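I opened this notebook to record what I looked up in a structure that was new to me. I wanted to go from the overall layout to the interior and then to one of the pockets.

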Amino acid sequence: MNIRITIIALGLLAFTSCHHRESKENSVVELTQAQQKLFEAGWTTITPNEDLTEEYGMKSVYGMQDNYFDIKMGKGCNVAVKIMDLRTDKCIRYVYVAENTTTTVQEIPQGVYYLKLAYGYDWMEKETDDGKQGKFTRNVLYERSQDIFDFGIKNSSDEINYRLDINVVDSKLENNFHAIPIDEKEFMK
């Protein structure tokens, strides 16, 4: 019985990992060793909602004005973006943007922020005591923006907005902002 459930689950996992990816061939992608180990440790595959904050144990912080980030993800991967307060080093918003889609993160509070970005495919997640933990398991890359995004000062009535364009061309990131590589541990903080 357990073998049958495992085979069915593995089949669903392979189907899910191919479902959102463009492919020139209609072939099933096998699990990598890393994915198999995560699966055996209780991780599951899922395509998350855009807003990862609440279910991932973080409380979203909203502002009174309609300051926003427009995030346009082109071809080449999916992205998870953490908007980090520069002063406190705390995440105020956490979003998932699928390949070839655009999302708007609205009501960013006034303040100064940097970004932590995780790029890849095949999102997996696991329930923890603090909520969910999630990560990409295929073609993974982590970065921290060098650019700082200033959303104004307290008591200002000016709205401030930024557009982030992310694209992967010939396995190289082509973004409209500067970033440096970081590791998974730094991204998860």
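The entries below follow that order.

**Layout.** I noted at the outset that this is a predicted model. I counted 3 helices and 11 strands in the chain, and reading along the sequence I found the pattern α-α-β-β-β-β-β-β-β-β-β-β-β-α. I then looked up burial, and buried residues make up 38% of the 189 residues. Of the contacts between residues at least 6 apart in sequence, 73% join residues at least 24 apart. For the surface I recorded about 11,200 Å² exposed by the chain, with 50% of it supplied by carbon and sulfur atoms.

**Interior.** I turned next to the largest nonpolar core, which has 21 residues, and those with the most contacts inside it are Phe69, Ile71 and Ile83. Two or more residues each come from β2 (68-73), β3 (78-85), β4 (91-97), β6 (112-128) and β9 (161-169), and β6 gives the most, with 4 residues. I followed Phe69 further and, leaving aside neighbours within four places in sequence, found it in contact with residues including Ile83, Val105, Leu115, Phe149 and Leu164. I also noted a second, separate core of 15 residues, with Met58, Phe136, Ile182 and Phe187 among them.

**Pocket.** My last entry concerns the second largest pocket, which holds about 250 Å³ of space. Its lining includes Tyr56, Met58, Lys82, Asp130 and Met188, and strand β7 (residues 131-145) gives the most to that lining, with 3 residues. I sorted the lining residues into 4 nonpolar, 4 polar and 3 charged.

Technical notes
Residues are numbered from 1 along each chain as its sequence is written. This is a predicted model: local features need pLDDT of at least 70, side-chain atom pairs count only at pLDDT 80 or more; totals for chains, interfaces and linings use all residues. Side-chain values use heavy atoms; hydrogens and water are left out. A nonpolar core is a set of buried Ala, Val, Leu, Ile, Met, Phe, Trp, Tyr and Cys residues joined through side-chain atoms within 4.5 Å. Buried means under 20% relative accessible area, exposed over 50%, partly exposed in between (1.4 Å probe, protein chains only). Contact means heavy atoms within 4.5 Å. On a 1 Å grid over the protein atoms alone, a cavity is a set of points where a 1.4 Å probe fits but cannot get out, and a pocket is an open set with protein on both sides within 12 Å along at least five of seven lines; lining residues have an atom within 4 Å of a point. Grid points are joined across faces, edges and corners, and a volume is the space filled by probe spheres set on the points. Ala, Val, Leu, Ile, Met, Phe, Trp, Tyr, Cys and Pro count as nonpolar, Asp, Glu, Lys and Arg as charged, and the others, Gly among them, as polar. Accessible areas come from the Shrake-Rupley method with a 1.4 Å probe; for residues, only the protein chains shown count as cover.
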